[in-house]
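User: Please take a close look at how the protein chain is divided into domains and at what lies around the ligand, and then follow the helices outward from there. I would like one connected account, with the cut-offs for each term.

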Amino acid sequence: MSRTKIGITCYPTVGGSGVIATELAKLLAEKGYEIHFITSNIPFRLKRIYPNIYYHEVEMNHYPVFQYPPYDLALANKMAEVINREQIDILHVHYAMPHAICAILAKEMVEHDVKIVTTLHGTDITVLGVDPSLKNMIRFGIDRSDRVTAVSESLVNQTREMLNVERNMDVIYNFVDEREYRQREEANHLREEYGIQSDEKVIIHISNFRQVKRVQDVIYSFERITQEVNAKLLLVGDGPEYSTVCQLVSELGLRDRVIFLGKQENVSELLSISDLKLLLSSKESFGLVLLEAMACGVPCIGTNIGGIPEVIQNGESGYICELGDIEDISNKSIELLTNFEKWTEFSKNGLHRVNQDFHSETVVKQYEDVYEELLQTV
Ligand code: GMT
């Protein structure tokens with residue numbers, strides 16, 4: 001029997017959706033699927049040669065007649081070309097906007113029978129879905145896909161409410177590759193290299209520093225925490241709010257306590273030297289960084305927003321606090337950082353939860369079931 005061929009389109013740059021698309025592709029390839037990425041660039045997590053993974057670049061022609069280069073049309077055209085040439089069985093796109101719409105157009109253009117799976121990650125619904133000019137288009141992409149999955153229950157509900165979508169959508173949670181995300185004792189030397197004293201606790205925040213990540217709340221909480229706990233804050237990532245955050249850190253006199261690391265690849269090492277992870281977003285459909293932290297044994301505090309409460313079990317592997325409630329966030333942080341018994345219990349609970357509910361084998365199998373069910377329909 002010939003192997004199943006899966007086309008994948010995602011945003012290839014740093015970000016949870018690109019991570020999930022690429023890690024899923026790698027694990028599927030290990031299981032014998034043939035994977036064809038159709039993207040504008042090589043996905044950043046695809047660092048070496050994988051024999052079953054192929055990459056098809058979407059090329060842009062910059063004709064002077066176009067005021068704006070038509071990327072979406074170029075993508076649809078490339079999808080159609082790859083579907084026909086490689087006889088793709090399933091086209092799995094991450095994000096409805098614009099990828100599902102491009103996939104539908106591509107399907108119209110080809111002879112070969114291909115099924116479209118769309119995975120919703122959040123921003124296309126919670127940010128773009130409020131724009132009246134895009135709403136109908138996003139709903140069209142969702143309605144016309146053969147199967148739709150979303151990374152949390154909360155995202156399914158938001159998609160129904162904001163876009164009036166009635167069709168079935170399956171929740172398939174995100175996952176981490178346990179081989180990469182684990183407690184790494186070999187990372188301990190980093191504490192010394194970053195000038196972290198042996199009696200200091202380490203708090204970590206990782207994001208793309210967009211406004212929705214509320215990094216300022218992390219800084220205000222950290223300021224309160226340092227009044228009771230000797231601690232350092234690792235800030236990992238970069239983005240539009242970066243300079244505002246740097247300024248706030250200086251204004252609050254925290255410059256010696258905050259370590260700005262910018263974009264980093266090996267976050268499992270940074271998580272392994274951390275004691276607490278803060279994600280205080282105002283919008284978050286899942287919060288993959290929470291799962292990464294839990295897999296490295298780090299308890300988390302997150303806001304009562306979107307999918308975060310589906311990831312952190314309040315009072316078991318971390319705490320859920322209301323958005324912007326700096327007092328509660330800092331009190332809970334202090335409690336965890338000063339109570340070793342509780343910290344150890346939360347750390348263990350988090351590891352257990354990752355293995356039980358977000359294990360890569362379980363999640364990859366759920367995607368495989370979606371593909372297999374679709375391939376059985378004529
Ligand atoms: O959070 C971002 O700004 C990046 C965005 C992305 O495209 O990667 O993240 C979304 O997808 C991730 C993977 O499913 C989720 O873990 C994030 O929660 C989600 N971001 C938002 O909903 C804001």
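Analyst: The protein chain divides into domain 1 (5-175 + 359-376) and domain 2 (185-357), with bounds that come from an automatic or database domain assignment. This is a predicted model, in which local features need pLDDT of at least 70 and side-chain atom pairs count only at pLDDT 80 or more, while totals for chains, interfaces and linings use all residues. Residues are numbered from 1 along each chain as its sequence is written.

The C-alpha centres of domain 1 and domain 2 lie 30 Å apart. To the contact between them domain 1 contributes 15 residues and domain 2 contributes 12 residues, two residues being in contact if their C-beta atoms, placed from the backbone, lie within 7 Å. On the side of domain 1 that touches domain 2, the elements giving two or more residues are α1 and α6 (153-163), and α6 gives the most, with three residues. Helices here are DSSP runs (H or I, at least four residues), as are strands (E, at least two), and both are numbered from the N terminus. By class, this side of domain 1 has five nonpolar, nine polar and one charged residues; Ala, Val, Leu, Ile, Met, Phe, Trp, Tyr, Cys and Pro count as nonpolar, Asp, Glu, Lys and Arg as charged, and the others, Gly among them, as polar.

The ligand is surrounded by 19 residues, of which the closest are Gly-15, Gly-16, His-121, Gly-122 and Ser-285; a residue is near a molecule if its C-beta atom, placed from the backbone, lies within 6 Å of it. The elements that give two or more residues to this shell are α1 (16-30) and α4 (123-126), and α1 gives the most, with three residues. The shell draws at least three residues from each of domain 1 and domain 2, and its residues divide into five nonpolar, 11 polar and three charged.

Helix α1, which contributes to the ligand shell, also packs against a helix from the end of domain 1. The axes of α1 and helix α15 (residues 360-376) come within 11 Å and cross at roughly 85°, where axes are lines fitted to C-alpha atoms, for helices over the stretch in contact, and angles run from 0 to 180 degrees between N-to-C directions. That angle makes α1 roughly perpendicular to α15, given that angles under 35 degrees count as roughly parallel, over 145 as roughly antiparallel, 65 to 115 as roughly perpendicular and the rest as oblique. In this contact Leu-24, Leu-27 and Leu-28 of α1 meet Ser-360, Val-364 and Tyr-367 of α15, so that by class there are five nonpolar, one polar and no charged residues.

A second helix pair is formed by α2 (residues 71-86) and α3 (residues 96-109), whose axes come within 8 Å and cross at roughly 50°, which makes α2 oblique to α3. Their crossing is right-handed, a crossing being left-handed if the near helix is turned anticlockwise from the far one by less than a right angle, and right-handed if clockwise. The residues in contact include Leu-75, Met-79 and Ile-83 of α2 and Cys-102, Leu-105 and Met-109 of α3, and by class the contact has 11 nonpolar, no polar and one charged residues. Pro-98, which lies in α3, is joined to Met-97 by a cis peptide bond with omega about 0°.

In a third pair, the axes of α8 (residues 215-225) and α9 (residues 242-251) come within 10 Å and cross at roughly 15°, which makes α8 roughly parallel to α9. Here too the crossing is right-handed, and Val-215, Gln-216 and Ile-219 of α8 meet Val-245, Leu-248 and Val-249 of α9. Phe-209 is found in the loop between β8 (201-206) and α8, and its phi is near 50°, a positive value in a residue other than glycine. Most residues other than glycine have a negative phi, and most peptide bonds are trans.
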